[in-house]
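New to this one? Here's a quick tour, with a stop at the ligand and then a look at some helices and loops.

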Amino acid sequence: MPIASFHFPKGFLWGAATAAHQVEGNNNNNQWWAWEQQEGYIVNGEKSGLACDWWGGRWKEDFDHAAQGGQNAHRLSVEWSRIQPAPDRWDEDALEHYRQMLLGLRERGMIPMVTLHHFTDPLWLDDFGGWETEAVVPLFEKFTRKVVEALKDYCSLWCTINEPNIYALSGYAAGAFPPGKKDLRLAMRVQANMARGHAAAYRAIHAIQPEARVGYALHYRPMLAARPGFPLDRLERNILFNAINMAFPTAISTGVMRTPLGKVRTPEAKGTQDYLGLNYYSVDSVTFDLRKPGELFGHRFYPQGSDLSDTGFIANMPEGMFATIKWAVNSYPGLPLIVTENGIECADDHIRPRYLAQHIHQIWRAVNFNWPVKGYFHWSLVDNFEWERGWTQRFGLWELNIRTQARRKRPSADLYAEICTENGLSSEMVQKYCPEVFEKLFPG
Ligand code: FCB
């Protein structure tokens, strides 16, 4: 008998999240593929290549694993460049492929959540400036209509855009994503166009499918002033917090996007969310740093002694999950919330079990305040192509051998299966998979 367990409400969604370019393979008609072919952009010159070969049919194996592991939902994305390979051409076979995948989820008892845009753009769109101009808005709307008409029998939970803040800031301010520009003003214009695109998609989806639930996934980073007694750190923390986290949400809630460079009007975006998707990974410490003008004079880091992932990309800071949900509840009282991504890169799985248990514990705490968290999607089901970090980061519950395409289960997959099956986390599970945090979760 477990001495205690943390139960979740009936109907809670338990799943994993994936993105088309990261798992499908041979997505050679988008801007990321082109970027990977050039030297110097991806760690070790790695390429997405065959990825997890989902386009070749290996999604079946991975969906089997998810279903056998008790997952009742899955978040995936569709690839615009496959569905609309040229401005005047739709690929019905690609749509049929996605239909089969969603049917595959349904047949395995999993509810699909479909993301329409997850970082990739068709080359033809990129050629005339991608999201830099408002011309993208009707194009994204048209694409959305096509997808929703094709997939509406299998899906009613839609995520328009994944992490518009990261897409805009990484591609147009930090320059780590294509097109590698470093122009904050342009980054904010891109984000405003994404808010407009989101709004157009929101209305288009509801026009086709009135019962749909539509939102977007925000990458939310809680931040702390590194030296709380030092006013410049506190000021800097607020500047970065607002710049990174707040532009898109303010556009959606008020119709005016608040950016570090001023306000942008996006009236059509006001009120266009049925839920808020939260991608939470870690908490940043912030110091004021004169040497970083390009980053608005802020330096973000993890404090010494943090429980770090393999490459130091993520620190295990579960309280940040609670803080994230609390921020959302305070900002949008009553709005349903879904944790659309959360996970850690760890090839030998020594951190993941405790990361998973501790984060789910924090979600449980939130649920106990009756805060409307409706589901959790772990990033990710199987190791996949991690953007500019290539294959150096292993986020999967399942390990992928890129050369042979063989999958191998990590212990975390078993822990997650027990959580999903029980609809909760028990002291027995923690004792079995991550005894090192037992005292933290079940003090007594
Ligand atoms: C998020 C992305 C996702 C994945 C994880 C690790 O920012 O949405 O595609 O790369 O980070």
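## Around the ligand

Let's begin with H118: an N or O atom in its side chain sits 2.8 Å from an oxygen atom of the ligand. Keep in mind as you look around that this is a predicted model. Q22 does something you can compare on screen, with a polar side-chain atom 2.8 Å from a ligand oxygen atom. Then there's E341, where a polar side-chain atom lies 3.0 Å from an oxygen atom of the ligand. How much of the ligand does the protein bury? On its own the ligand would expose 290 Å², and the protein buries 96% of that.

Want to see who else is there? The residues surrounding the ligand also include F119, N162, E163, H219 and Y281. From further along the chain come W379, E386, W387 and F395, which belong to the ligand's surroundings too.

## Helix 7 meets helix 9

Now swing over to helix 7, which covers residues 136–151, and helix 9, which covers residues 184–208. They pack at an angle of about 30°, and their axes are 8 Å apart. Is the crossing left-handed or right-handed? It's right-handed.

On the helix 7 side, the residues in contact include V136, V137, F140 and V148, along with E141, T144, R145 and E149. Helix 9 answers with N193, R196, G197, A200, A201, A204, I205 and I208. Sorted by class, this contact has nine nonpolar, three polar and four charged residues.

## Helix 11 meets helix 12

There's another helix pair to check out: helix 11 (residues 319–331) and helix 12 (residues 352–367). Here the packing angle is about 35°, with the axes 8 Å apart. Helix 11 goes past helix 12 in a right-handed crossing.

Which residues of helix 11 meet helix 12? They're E319, M321, F322 and I325, and across from them in helix 12 you'll find H359, Q362, I363, R365 and A366. The class tally for this contact is five nonpolar, two polar and two charged residues.

## Backbone oddities in the loops

A few loop spots deserve a look at the backbone. The peptide bond from P178 to P179 is cis, with omega near 10°, and P179 lies in the loop between helix 8 (164–174) and helix 9.

W379, already mentioned as one of the residues around the ligand, is joined to S380 by a cis peptide bond with omega about 10°. S380 is in the loop that runs between strand 14 (373–378) and strand 15 (398–400). Finally, find Q405 in the loop between strand 15 and strand 16 (407–409). Q405 isn't a glycine, yet it has a positive phi of about 70°.

Definitions and conventions:
Residues are numbered from 1 along each chain as its sequence is written. This is a predicted model: local features need pLDDT of at least 70, side-chain atom pairs count only at pLDDT 80 or more; totals for chains, interfaces and linings use all residues. Side-chain values use heavy atoms; hydrogens and water are left out. Axes are lines fitted to C-alpha atoms, for helices over the stretch in contact, and angles run from 0 to 180 degrees between N-to-C directions. Helices (H or I, at least four residues) and strands (E, at least two) are DSSP runs, numbered from the N terminus. A crossing is left-handed if the near helix is turned anticlockwise from the far one by less than a right angle, and right-handed if clockwise. Contact means heavy atoms within 4.5 Å. Ala, Val, Leu, Ile, Met, Phe, Trp, Tyr, Cys and Pro count as nonpolar, Asp, Glu, Lys and Arg as charged, and the others, Gly among them, as polar. A residue is near a molecule or strand if one of its heavy atoms lies within 4 Å of it. A polar contact is a pair of N or O atoms within 3.5 Å; within protein, one must be able to donate a hydrogen and the other to accept it, and residues adjacent in sequence count only if both atoms are side-chain atoms. Accessible areas come from the Shrake-Rupley method with a 1.4 Å probe; for residues, only the protein chains shown count as cover.
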